[in-house]
Amino acid sequence: MKTTRYLLTFFLATILCFSFSAHAADIDLAEAVNKAGKQRMLSQRIAKAYFFLGGNVRRDKAKQQLQSSIVELKKNHAELKAEVKNKDVQQLMVFLDIVIDDYSKLVNLPYTQTDATMVLDMSETILELSQDVVVKIEALSNRKTPKIVNLSGRQRMLSQRIAKYYIAHQLGFKDQDYVNQLKTAVQEFESAMAVLKSEKINTPEITEKLIRTTRLWRVIRPFFMDVEKGGLPVTIFATTDRIMEFMNTITGMYVNVSA
């Protein structure tokens with residue numbers, strides 16, 4: 001009887017231990033998705049700061065933001081390389097090693113129209129590669145949480161992407177493709193917000209933050225849709241940063257929510 005009871009206790013303990021380990025692994029994956037998602041945002045934030053600096057708008061703030069974002073981009077990259085051992089992810093990391101190094105050197109050079117074109121291109125390259133990293137990490141989990149973290153985290157990137165194209169337009173990058181990219185980002189942001197607000201795992205705190213973000217978005221949206229008119233770069237800088245901060249907080253909340 002004692003042996004049977006011992007085996008039963010051991011069996012139950014093993015199941016609980018396995019369940020805890022699996023859950024912990026998924027939480028780690030959610031955090032990895034969050035971190036990789038920040039890389040998307042930072043790729044756009046760095047370019048945005050470069051353009052604001054080049055346009056002599058919020059110069060001190062833009063310079064500080066540029067430098068701190070480069071430091072965070074490199075830090076997150078090193079941590080992801082060490083934490084995610086998946087072969088496909090590691091291959092992308094090797095490519096990102098080169099691109100991130102070139103990008104950080106380029107944006108530290110004095111602003112020129114020629115270099116600014118390259119900054120736009122490289123910001124897109126890092127965004128594309130980082131998105132692929134996010135997708136591959138997300139696929140390692142069979143839980144829902146990392147998917148929500150991905151969607152919410154992408155909003156951070158879109159806020160900075162919109163600001164990037166907005167200020168680039170004012171500095172002479174008026175190609176219709178850039179305008180289309182901005183307006184597409186606006187539409188993607190709004191579509192994702194609708195999905196997030198209807199998400200069943202939302203806590204009251206998440207819902208409250210989403211409502212506050214939506215209110216701020218509604219105030220600033222008309223300026224994005226009328227980018228050709230221009231103006232108000234300081235307002236765009238400050239407001240998109242505020243939206244990014246809200247979405248960063250919300251994304252962190254999703255990391256801690258168990259689906």
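This is a short tour of a predicted model, stop by stop, with something to select at each one.

**Start with the whole chain**

Show the protein chain as a cartoon and you'll find 8 helices and 0 strands. Walking from the N terminus, the order of elements reads α-α-α-α-α-α-α-α. Colour by burial next: of the 259 residues in the protein chain, 46% are buried. Now for contacts: taking those with a separation of 6 or more, 81% are between residues 24 or more positions apart.

**Into the largest cavity**

How many cavities of 30 Å³ or more does the count give? There are 2 of them. Go to the largest cavity, which holds about 60 Å³ of space. To see its walls, select Ala36, Gln39, Leu73, His77, Leu80, Met93, Leu96, Ile100, Ile126, Ser130 and Val133. Helix H1 (2-54), helix H2 (59-83), helix H3 (87-107) and helix H4 (113-138) are the elements that each give two or more residues to this lining. Colour the lining by class and you get 8 nonpolar residues, 3 polar ones and no charged ones.

**A quick stop in H3**

While helix H3 is on screen, pick out Ser104, which is part of it. Is Ser104 buried or exposed? Ser104 has a relative accessible area of 7%, so it counts as buried, the cut-off being under 20%. Leaving aside residues up to four places away in sequence, Ser104 touches Ile70 and Lys74.

**On to the second largest cavity**

The second largest cavity has about 30 Å³ of space. Select Tyr165, His169, Phe173, Tyr178, Val179, Leu182 and Val227 to bring up its lining. Helix H5 (145-170) and helix H6 (176-197) each put in at least two of these residues, and H6 has the largest share, with 3. By class, this lining splits into 6 nonpolar residues, 1 polar and no charged.

**Aromatic rings**

Keep Tyr165, Phe173 and Tyr178 selected and add Tyr50, Phe51 and Tyr111: ring pairs link these residues into a cluster. Across the structure there are 10 aromatic pairs.

Zoom in on one of them, Tyr50 with Phe51: the pair is edge-to-face, with 5.7 Å from centre to centre and 90° between the planes. Tyr50 counts as buried because its relative accessibility is 2%. Phe51 is buried too, at a relative accessible area of 0%.

For another geometry, select Phe189 and Trp217. Why is this pair called stacked? The ring centres are 4.2 Å apart and the planes sit at 25°, so the pair is stacked; planes have to be under 30 degrees apart for that. Phe189 belongs to helix H6 and Trp217 to helix H7 (residues 204-225), so this pair ties together parts that are 28 residues apart in sequence. Both Phe189 and Trp217 are buried.

**Last stop: charges over rings**

Two more selections finish the tour. First, show the side chains of Lys48 and Phe237: the charged end of Lys48 sits over the ring of Phe237, 4.4 Å from the ring centre. Then move to Arg242 and Phe246. Here the charged end of Arg242 sits over the Phe246 ring, 4.5 Å from its centre.

Terms used
Residues numbered from 1 in each chain as written. Predicted model: local features only at pLDDT ≥ 70, side-chain atom pairs only at ≥ 80, totals over all residues. Heavy atoms only, no water. 1 Å grid on protein atoms, 1.4 Å probe; cavity = no way out; pocket = protein on both sides within 12 Å on 5 of 7 lines; lining within 4 Å. Points joined across faces, edges and corners; volume = space filled by probe spheres on them. Helix = DSSP H or I, 4+ residues; strand = E, 2+ residues; numbered from the N terminus. Nonpolar A, V, L, I, M, F, W, Y, C, P; charged D, E, K, R; others polar. Phe/Tyr/Trp six-rings, centres within 6.5 Å; stacked < 30°, edge-to-face > 60°. Buried < 20%, exposed > 50% of the residue type's maximum accessible area, 1.4 Å probe, protein only. Lys NZ or Arg CZ within 6 Å of the ring centre and 35° of its normal. Contact = heavy atoms within 4.5 Å.
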